[in-house]
Amino acid sequence: MRFRSGVAIDLGTVNTLVSVAGRGLVIDEPSAIALDRATGRVAAVGQAADALAGKEPQDIEVLHPLRNGVIADLDAASAMLQGFVRRAKLRRGLLRTAAVVCVPGGATWVERRSLAAALSVIRPRCTLQLVDEPIAAAAGAGIDLAQGAGAFIVDVGGGTTESAVVAGGQIVRARSLRVGGNAMDDAIVTAVKAELGLMLGRNAARTLKTTLGLAGDGTGRMETVGVDAARRTPRVEQVPGWLVAQALEHIATAIVDCVQEMLSDIPPNLAEDVVRGKIRLAGGGAMLPGLADRIEAATGIPVVVVDDPLRCVARGAAEILEHGDGLQQGPVAQR
Ligand SMILES: Nc1ncnc2c1ncn2[C@@H]1O[C@H](COP(=O)(O)OP(=O)(O)OP(=O)(O)O)[C@@H](O)[C@H]1O
Ligand SMILES: [Mg+2]
(Lines give C-alpha, C1' and ligand atoms only; values in the text may rest on other atoms or scores of the structure.)
(Ligands and ions follow the chains in the order given, each with its own letter.)
Protein backbone atom coordinates (compact mmCIF):
# COMPACT_ATOMS: atom_id res chain seq x y z
CA MET A 1 0.00 0.00 0.00
CA ARG A 2 1.40 3.37 -1.00
CA PHE A 3 0.97 6.21 1.45
CA ARG A 4 1.44 9.76 0.30
CA SER A 5 1.61 12.71 2.64
CA GLY A 6 -0.43 15.77 1.88
CA VAL A 7 -3.87 17.26 2.03
CA ALA A 8 -7.20 16.54 0.33
CA ILE A 9 -9.71 19.37 -0.05
CA ASP A 10 -13.38 19.27 -1.03
CA LEU A 11 -13.94 22.96 -1.65
CA GLY A 12 -17.73 22.98 -1.97
CA THR A 13 -20.20 25.75 -2.64
CA VAL A 14 -21.71 25.31 0.83
CA ASN A 15 -19.17 23.25 2.81
CA THR A 16 -15.40 22.87 2.75
CA LEU A 17 -13.79 19.69 4.05
CA VAL A 18 -10.08 19.24 4.55
CA SER A 19 -8.36 15.93 5.30
CA VAL A 20 -4.71 15.54 6.16
CA ALA A 21 -3.06 12.23 5.30
CA GLY A 22 -2.53 10.23 8.43
CA ARG A 23 -4.83 12.47 10.50
CA GLY A 24 -8.14 12.19 8.65
CA LEU A 25 -10.79 14.91 8.42
CA VAL A 26 -9.63 18.04 10.21
CA ILE A 27 -11.99 20.71 8.81
CA ASP A 28 -15.71 20.40 8.01
CA GLU A 29 -17.20 23.88 7.91
CA PRO A 30 -19.32 26.19 5.77
CA SER A 31 -17.51 27.83 2.82
CA ALA A 32 -17.77 31.33 4.23
CA ILE A 33 -15.54 34.21 5.20
CA ALA A 34 -16.33 37.41 7.11
CA LEU A 35 -14.34 40.54 6.33
CA ASP A 36 -14.05 43.82 8.20
CA ARG A 37 -15.44 46.38 5.75
CA ALA A 38 -13.14 49.17 6.92
CA THR A 39 -9.83 47.33 6.99
CA GLY A 40 -10.48 44.32 4.75
CA ARG A 41 -9.12 42.11 7.54
CA VAL A 42 -10.48 38.61 7.93
CA ALA A 43 -12.84 38.65 10.90
CA ALA A 44 -13.91 35.00 10.77
CA VAL A 45 -13.75 31.92 8.55
CA GLY A 46 -16.08 28.93 8.20
CA GLN A 47 -18.72 28.28 10.85
CA ALA A 48 -18.13 31.55 12.70
CA ALA A 49 -18.43 33.55 9.46
CA ASP A 50 -21.50 31.70 8.22
CA ALA A 51 -23.25 32.29 11.54
CA LEU A 52 -23.09 36.02 10.78
CA ALA A 53 -24.60 35.68 7.29
CA GLY A 54 -27.92 37.41 6.96
CA LYS A 55 -27.48 39.10 10.35
CA GLU A 56 -24.43 40.98 9.18
CA PRO A 57 -23.20 43.50 11.71
CA GLN A 58 -22.72 46.87 9.99
CA ASP A 59 -18.95 46.72 9.81
CA ILE A 60 -18.71 43.07 8.69
CA GLU A 61 -19.28 41.63 5.23
CA VAL A 62 -19.92 37.89 4.92
CA LEU A 63 -18.93 36.26 1.63
CA HIS A 64 -19.52 32.78 0.24
CA PRO A 65 -16.72 32.76 -2.34
CA LEU A 66 -17.97 29.79 -4.38
CA ARG A 67 -20.91 29.72 -6.73
CA ASN A 68 -22.15 26.60 -8.47
CA GLY A 69 -19.16 24.61 -7.30
CA VAL A 70 -16.48 26.95 -8.56
CA ILE A 71 -14.67 29.99 -7.26
CA ALA A 72 -16.58 33.19 -7.93
CA ASP A 73 -14.38 35.44 -5.80
CA LEU A 74 -10.73 34.45 -5.98
CA ASP A 75 -9.43 36.78 -3.26
CA ALA A 76 -12.09 35.70 -0.79
CA ALA A 77 -11.63 32.03 -1.67
CA SER A 78 -7.87 32.28 -1.20
CA ALA A 79 -8.27 33.99 2.16
CA MET A 80 -10.84 31.40 3.24
CA LEU A 81 -8.64 28.47 2.18
CA GLN A 82 -5.73 30.09 3.95
CA GLY A 83 -7.79 30.32 7.12
CA PHE A 84 -8.78 26.65 6.88
CA VAL A 85 -5.27 25.45 6.06
CA ARG A 86 -3.90 27.45 8.96
CA ARG A 87 -6.49 25.94 11.27
CA ALA A 88 -5.68 22.47 9.95
CA LYS A 89 -2.21 23.05 11.43
CA LEU A 90 -0.35 21.50 8.53
CA ARG A 91 3.30 21.07 9.08
CA ARG A 92 5.23 23.81 7.36
CA GLY A 93 5.85 22.90 3.74
CA LEU A 94 3.47 19.95 3.84
CA LEU A 95 1.42 21.21 0.91
CA ARG A 96 4.58 21.04 -1.14
CA THR A 97 4.13 17.31 -1.09
CA ALA A 98 0.68 16.75 -2.58
CA ALA A 99 -2.72 18.39 -2.62
CA VAL A 100 -5.80 16.73 -4.04
CA VAL A 101 -8.59 19.20 -4.72
CA CYS A 102 -12.01 18.23 -6.06
CA VAL A 103 -13.60 20.13 -8.94
CA PRO A 104 -17.04 19.78 -10.53
CA GLY A 105 -16.84 17.59 -13.63
CA GLY A 106 -18.28 20.46 -15.66
CA ALA A 107 -15.73 23.04 -14.50
CA THR A 108 -14.12 25.01 -17.30
CA TRP A 109 -10.39 25.39 -17.78
CA VAL A 110 -10.57 28.93 -16.39
CA GLU A 111 -12.41 27.67 -13.32
CA ARG A 112 -9.83 24.93 -12.79
CA ARG A 113 -7.05 27.48 -13.08
CA SER A 114 -8.69 29.75 -10.53
CA LEU A 115 -8.71 26.88 -8.03
CA ALA A 116 -5.05 26.22 -8.71
CA ALA A 117 -4.38 29.95 -8.30
CA ALA A 118 -6.19 30.08 -4.96
CA LEU A 119 -4.06 27.26 -3.60
CA SER A 120 -0.83 28.62 -5.01
CA VAL A 121 -1.41 31.82 -3.06
CA ILE A 122 -1.19 29.75 0.11
CA ARG A 123 1.47 27.19 -0.82
CA PRO A 124 3.36 28.33 -3.91
CA ARG A 125 5.20 25.10 -4.65
CA CYS A 126 2.65 22.40 -3.94
CA THR A 127 1.94 19.55 -6.34
CA LEU A 128 -1.72 19.94 -7.10
CA GLN A 129 -3.97 17.24 -8.48
CA LEU A 130 -7.45 18.33 -9.49
CA VAL A 131 -9.85 15.40 -9.29
CA ASP A 132 -13.31 15.42 -10.82
CA GLU A 133 -15.87 15.27 -8.04
CA PRO A 134 -17.74 12.24 -9.40
CA ILE A 135 -14.52 10.21 -9.24
CA ALA A 136 -13.94 11.28 -5.65
CA ALA A 137 -17.60 10.62 -4.84
CA ALA A 138 -17.37 7.11 -6.32
CA ALA A 139 -14.23 6.40 -4.28
CA GLY A 140 -15.96 7.79 -1.18
CA ALA A 141 -18.98 5.58 -1.86
CA GLY A 142 -16.73 2.56 -1.54
CA ILE A 143 -16.40 1.72 -5.23
CA ASP A 144 -13.11 0.05 -5.97
CA LEU A 145 -12.00 2.30 -8.81
CA ALA A 146 -8.89 0.32 -9.58
CA GLN A 147 -10.94 -2.84 -10.27
CA GLY A 148 -12.65 -1.30 -13.30
CA ALA A 149 -16.23 -1.88 -12.12
CA GLY A 150 -18.81 0.59 -13.40
CA ALA A 151 -20.93 2.73 -11.10
CA PHE A 152 -23.55 5.41 -11.43
CA ILE A 153 -23.17 8.25 -8.97
CA VAL A 154 -25.24 11.39 -8.47
CA ASP A 155 -23.76 14.07 -6.19
CA VAL A 156 -26.38 16.65 -5.24
CA GLY A 157 -24.35 19.45 -3.66
CA GLY A 158 -25.20 22.99 -2.67
CA GLY A 159 -24.38 24.57 -6.01
CA THR A 160 -24.13 21.71 -8.50
CA THR A 161 -25.61 18.31 -9.23
CA GLU A 162 -23.12 15.99 -10.83
CA SER A 163 -24.30 12.75 -12.42
CA ALA A 164 -21.69 10.38 -13.73
CA VAL A 165 -21.03 6.86 -14.83
CA VAL A 166 -17.52 5.94 -13.78
CA ALA A 167 -15.48 2.85 -14.54
CA GLY A 168 -11.92 2.02 -13.65
CA GLY A 169 -11.28 5.45 -12.18
CA GLN A 170 -12.41 7.18 -15.37
CA ILE A 171 -15.51 9.17 -16.12
CA VAL A 172 -17.41 7.36 -18.87
CA ARG A 173 -20.38 9.72 -19.06
CA ALA A 174 -21.05 12.83 -17.00
CA ARG A 175 -23.43 15.71 -16.75
CA SER A 176 -23.26 18.68 -14.45
CA LEU A 177 -26.30 20.76 -13.57
CA ARG A 178 -25.55 24.09 -12.00
CA VAL A 179 -28.34 23.69 -9.47
CA GLY A 180 -28.35 22.08 -6.05
CA GLY A 181 -29.35 22.78 -2.46
CA ASN A 182 -28.92 26.56 -2.71
CA ALA A 183 -31.35 26.75 -5.62
CA MET A 184 -33.79 24.66 -3.56
CA ASP A 185 -33.52 27.14 -0.67
CA ASP A 186 -34.11 30.07 -3.04
CA ALA A 187 -37.12 28.34 -4.59
CA ILE A 188 -38.69 27.86 -1.14
CA VAL A 189 -38.05 31.51 -0.17
CA THR A 190 -39.74 32.65 -3.40
CA ALA A 191 -42.72 30.30 -3.05
CA VAL A 192 -43.39 31.12 0.61
CA LYS A 193 -43.25 34.83 -0.13
CA ALA A 194 -45.59 34.51 -3.12
CA GLU A 195 -48.10 32.17 -1.46
CA LEU A 196 -48.02 33.26 2.18
CA GLY A 197 -46.60 36.80 2.01
CA LEU A 198 -43.79 35.76 4.35
CA MET A 199 -40.11 36.55 3.88
CA LEU A 200 -37.87 33.73 5.09
CA GLY A 201 -34.20 33.69 6.02
CA ARG A 202 -31.94 31.05 4.48
CA ASN A 203 -31.86 28.87 7.57
CA ALA A 204 -35.65 28.75 7.82
CA ALA A 205 -35.88 27.75 4.14
CA ARG A 206 -33.25 25.05 4.70
CA THR A 207 -35.15 23.61 7.63
CA LEU A 208 -38.36 23.43 5.55
CA LYS A 209 -36.41 21.74 2.77
CA THR A 210 -34.72 19.14 4.94
CA THR A 211 -37.89 18.36 6.91
CA LEU A 212 -40.63 18.45 4.28
CA GLY A 213 -38.72 17.99 1.00
CA LEU A 214 -40.56 16.49 -1.95
CA ALA A 215 -42.73 14.29 0.20
CA GLY A 216 -45.66 16.74 0.31
CA ASP A 217 -48.63 14.41 0.71
CA GLY A 218 -51.14 17.13 1.46
CA THR A 219 -51.11 16.65 5.24
CA GLY A 220 -47.58 17.51 6.39
CA ARG A 221 -46.84 21.04 7.55
CA MET A 222 -44.21 22.82 9.56
CA GLU A 223 -44.05 25.91 11.69
CA THR A 224 -41.66 28.60 10.56
CA VAL A 225 -40.88 32.20 11.45
CA GLY A 226 -40.27 34.96 8.94
CA VAL A 227 -41.07 38.61 8.34
CA ASP A 228 -44.49 39.62 7.05
CA ALA A 229 -43.88 41.07 3.58
CA ALA A 230 -46.53 43.79 3.96
CA ARG A 231 -46.22 44.78 7.63
CA ARG A 232 -42.49 44.10 7.95
CA THR A 233 -42.97 42.52 11.38
CA PRO A 234 -42.08 38.95 12.46
CA ARG A 235 -44.79 36.35 11.94
CA VAL A 236 -45.18 32.65 12.77
CA GLU A 237 -46.70 30.55 9.98
CA GLN A 238 -47.56 26.93 9.29
CA VAL A 239 -46.05 26.08 5.91
CA PRO A 240 -47.83 23.22 4.13
CA GLY A 241 -45.76 20.36 2.71
CA TRP A 242 -47.37 20.71 -0.71
CA LEU A 243 -46.03 24.26 -1.03
CA VAL A 244 -42.45 23.15 -0.37
CA ALA A 245 -42.82 20.14 -2.68
CA GLN A 246 -44.25 22.37 -5.40
CA ALA A 247 -41.41 24.89 -5.01
CA LEU A 248 -38.82 22.10 -5.39
CA GLU A 249 -40.57 20.34 -8.24
CA HIS A 250 -38.66 21.95 -11.12
CA ILE A 251 -35.32 21.16 -9.50
CA ALA A 252 -36.30 17.56 -8.77
CA THR A 253 -37.50 17.21 -12.36
CA ALA A 254 -34.22 18.60 -13.71
CA ILE A 255 -32.24 16.10 -11.61
CA VAL A 256 -34.43 13.15 -12.63
CA ASP A 257 -34.31 14.17 -16.32
CA CYS A 258 -30.54 14.41 -16.14
CA VAL A 259 -30.26 10.91 -14.64
CA GLN A 260 -32.61 9.50 -17.27
CA GLU A 261 -30.71 11.11 -20.13
CA MET A 262 -27.51 9.56 -18.82
CA LEU A 263 -29.14 6.16 -18.50
CA SER A 264 -30.27 6.32 -22.11
CA ASP A 265 -26.64 6.68 -23.13
CA ILE A 266 -24.96 3.96 -21.07
CA PRO A 267 -22.53 1.68 -22.89
CA PRO A 268 -24.06 -1.84 -22.94
CA ASN A 269 -21.04 -3.32 -21.18
CA LEU A 270 -21.68 -1.15 -18.15
CA ALA A 271 -25.46 -1.61 -17.99
CA GLU A 272 -25.28 -4.60 -15.67
CA ASP A 273 -22.80 -2.93 -13.29
CA VAL A 274 -25.07 0.10 -13.04
CA VAL A 275 -28.29 -1.83 -12.45
CA ARG A 276 -26.76 -4.28 -9.99
CA GLY A 277 -24.65 -1.62 -8.29
CA LYS A 278 -27.65 0.73 -7.93
CA ILE A 279 -27.66 4.47 -8.46
CA ARG A 280 -25.74 6.01 -5.57
CA LEU A 281 -26.78 9.40 -4.26
CA ALA A 282 -24.13 11.53 -2.54
CA GLY A 283 -23.87 15.17 -1.37
CA GLY A 284 -26.12 16.90 1.13
CA GLY A 285 -29.00 17.04 -1.36
CA ALA A 286 -29.07 13.23 -1.43
CA MET A 287 -30.91 13.44 1.89
CA LEU A 288 -33.74 15.55 0.47
CA PRO A 289 -36.87 13.68 1.60
CA GLY A 290 -38.42 11.96 -1.42
CA LEU A 291 -35.56 12.46 -3.89
CA ALA A 292 -34.20 8.91 -3.88
CA ASP A 293 -37.74 7.51 -4.26
CA ARG A 294 -38.44 9.90 -7.11
CA ILE A 295 -35.33 8.82 -9.04
CA GLU A 296 -36.04 5.16 -8.36
CA ALA A 297 -39.64 5.46 -9.56
CA ALA A 298 -38.61 7.29 -12.74
CA THR A 299 -35.74 5.00 -13.70
CA GLY A 300 -36.84 1.62 -12.36
CA ILE A 301 -33.31 1.19 -10.97
CA PRO A 302 -32.69 0.88 -7.22
CA VAL A 303 -31.31 4.06 -5.63
CA VAL A 304 -29.30 4.20 -2.40
CA VAL A 305 -28.08 7.16 -0.42
CA VAL A 306 -24.41 6.59 0.36
CA ASP A 307 -23.14 6.45 3.90
CA ASP A 308 -22.61 9.96 5.35
CA PRO A 309 -23.37 11.68 2.01
CA LEU A 310 -22.06 15.12 3.06
CA ARG A 311 -18.58 13.67 3.51
CA CYS A 312 -18.55 11.24 0.59
CA VAL A 313 -16.47 13.40 -1.77
CA ALA A 314 -13.99 14.33 0.97
CA ARG A 315 -13.65 10.66 1.93
CA GLY A 316 -12.93 9.76 -1.68
CA ALA A 317 -10.46 12.62 -2.11
CA ALA A 318 -8.56 11.45 0.98
CA GLU A 319 -8.54 7.94 -0.45
CA ILE A 320 -7.19 9.19 -3.76
CA LEU A 321 -4.50 11.15 -1.92
CA GLU A 322 -3.39 8.10 -0.02
CA HIS A 323 -3.80 5.35 -2.62
CA GLY A 324 -3.84 7.32 -5.86
CA ASP A 325 -2.77 4.36 -8.00
CA GLY A 326 -4.96 3.38 -10.92
CA LEU A 327 -7.15 6.44 -10.70
CA GLN A 328 -7.92 8.96 -13.38
CA GLN A 329 -5.48 11.80 -13.08
CA GLY A 330 -7.23 15.13 -13.31
CA PRO A 331 -5.30 18.03 -14.79
CA VAL A 332 -2.18 18.26 -12.68
CA ALA A 333 -0.50 21.55 -12.04
CA GLN A 334 3.07 21.62 -10.79
CA ARG A 335 3.32 24.85 -8.98
N1 LIG B 1 -31.17 16.50 5.07
C2 LIG B 1 -31.02 17.26 3.99
N3 LIG B 1 -31.97 17.33 3.03
C4 LIG B 1 -31.83 18.10 1.95
N5 LIG B 1 -30.74 18.87 1.72
C6 LIG B 1 -29.77 18.85 2.65
C7 LIG B 1 -29.84 18.06 3.81
N8 LIG B 1 -28.71 18.25 4.54
C9 LIG B 1 -27.95 19.14 3.86
N10 LIG B 1 -28.58 19.50 2.72
C11 LIG B 1 -28.13 20.47 1.72
O12 LIG B 1 -26.96 19.98 1.10
C13 LIG B 1 -26.22 21.11 0.59
C14 LIG B 1 -24.77 20.98 0.96
O15 LIG B 1 -24.31 19.76 0.44
P16 LIG B 1 -22.76 19.56 0.13
O17 LIG B 1 -21.96 19.89 1.33
O18 LIG B 1 -22.64 18.21 -0.46
O19 LIG B 1 -22.57 20.69 -0.96
P20 LIG B 1 -21.19 21.32 -1.46
O21 LIG B 1 -20.22 20.22 -1.66
O22 LIG B 1 -20.78 22.43 -0.56
O23 LIG B 1 -21.64 21.95 -2.85
P24 LIG B 1 -21.13 21.66 -4.35
O25 LIG B 1 -20.67 20.25 -4.39
O26 LIG B 1 -22.33 21.90 -5.20
O27 LIG B 1 -20.07 22.66 -4.59
C28 LIG B 1 -26.87 22.35 1.21
O29 LIG B 1 -27.64 23.00 0.21
C30 LIG B 1 -27.72 21.78 2.32
O31 LIG B 1 -28.85 22.60 2.59
MG1 LIG C 1 -19.72 18.95 -3.20
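Which polar backbone atom is 2.7 Å from an oxygen atom of ligand 1? I looked this up before anything else, and it belongs to valine 14. A note to self: this is a predicted model.

**Entry: contacts of ligand 1**

I stayed with the ligand's oxygen atoms for a while. The side chain of asparagine 15 puts an N or O atom 2.7 Å from an oxygen of ligand 1. Threonine 160 comes in through its backbone, with an N or O atom 2.8 Å from a ligand oxygen. I then checked how covered the ligand is: on its own, ligand 1 exposes 660 Å², and the protein buries 91% of that.

**Entry: the shell**

I counted who sits around ligand 1 and got 21 residues. Thr13, Val14, Asn15, Gly159 and Lys209 are the closest of them. I sorted the shell by class and found 14 polar residues, four nonpolar and three charged.

Next I asked which helix gives the largest share of this shell. That is helix 6, with three residues. Helix 6 covers 202-212, and helix 5, at 181-196, also supplies at least two shell residues.

**Entry: the largest pocket**

I wanted to know where ligand 1 sits relative to the pockets, and the space it takes turns out to be the largest pocket. I noted a volume of about 750 Å³ for this one. Its lining runs to 38 residues, with Val14, Asn15, Gly158, Gly284 and Leu310 closest to the centre. Val14 and Asn15 were already on my list of residues closest to the ligand.

Several elements give two or more residues to this lining. On the strand side I wrote down strand 2 (15-20), strand 3 (24-30) and strand 11 (150-156). The helices are helix 1 (47-50), helix 5, helix 6 and helix 10 (312-322). By class, the lining of the largest pocket splits into 16 polar, twelve nonpolar and ten charged residues.

**Entry: the second largest pocket**

How many residues line the second largest pocket? I get 19, and those nearest its centre are Thr13, Gly158, Asn182, Ala183 and Asp186. The volume here is about 280 Å³. Thr13 caught my eye, being also among the residues closest to ligand 1. Gly158 turns up as well near the centre of the largest pocket.

Strand 7 (66-67), helix 5 and helix 6 each give two or more residues to the lining of the second largest pocket. Helix 5 gives the most, four residues. For the classes I logged seven polar, seven charged and five nonpolar residues.

Key:
Residues numbered from 1 in each chain as written. Chains lettered and ligands numbered in written order. Predicted model: local features only at pLDDT ≥ 70, side-chain atom pairs only at ≥ 80, totals over all residues. Heavy atoms only, no water. Near = heavy atom within 4 Å. Polar contact = N/O pair within 3.5 Å; in protein donor to acceptor, adjacent residues only side chain to side chain. Areas by Shrake-Rupley, 256 points an atom, 1.4 Å probe, with all protein chains shown as cover. 1 Å grid on protein atoms, 1.4 Å probe; cavity = no way out; pocket = protein on both sides within 12 Å on 5 of 7 lines; lining within 4 Å. Sits in = over half its atoms within 2 Å of the grid points. Nonpolar A, V, L, I, M, F, W, Y, C, P; charged D, E, K, R; others polar. Points joined across faces, edges and corners; volume = space filled by probe spheres on them.
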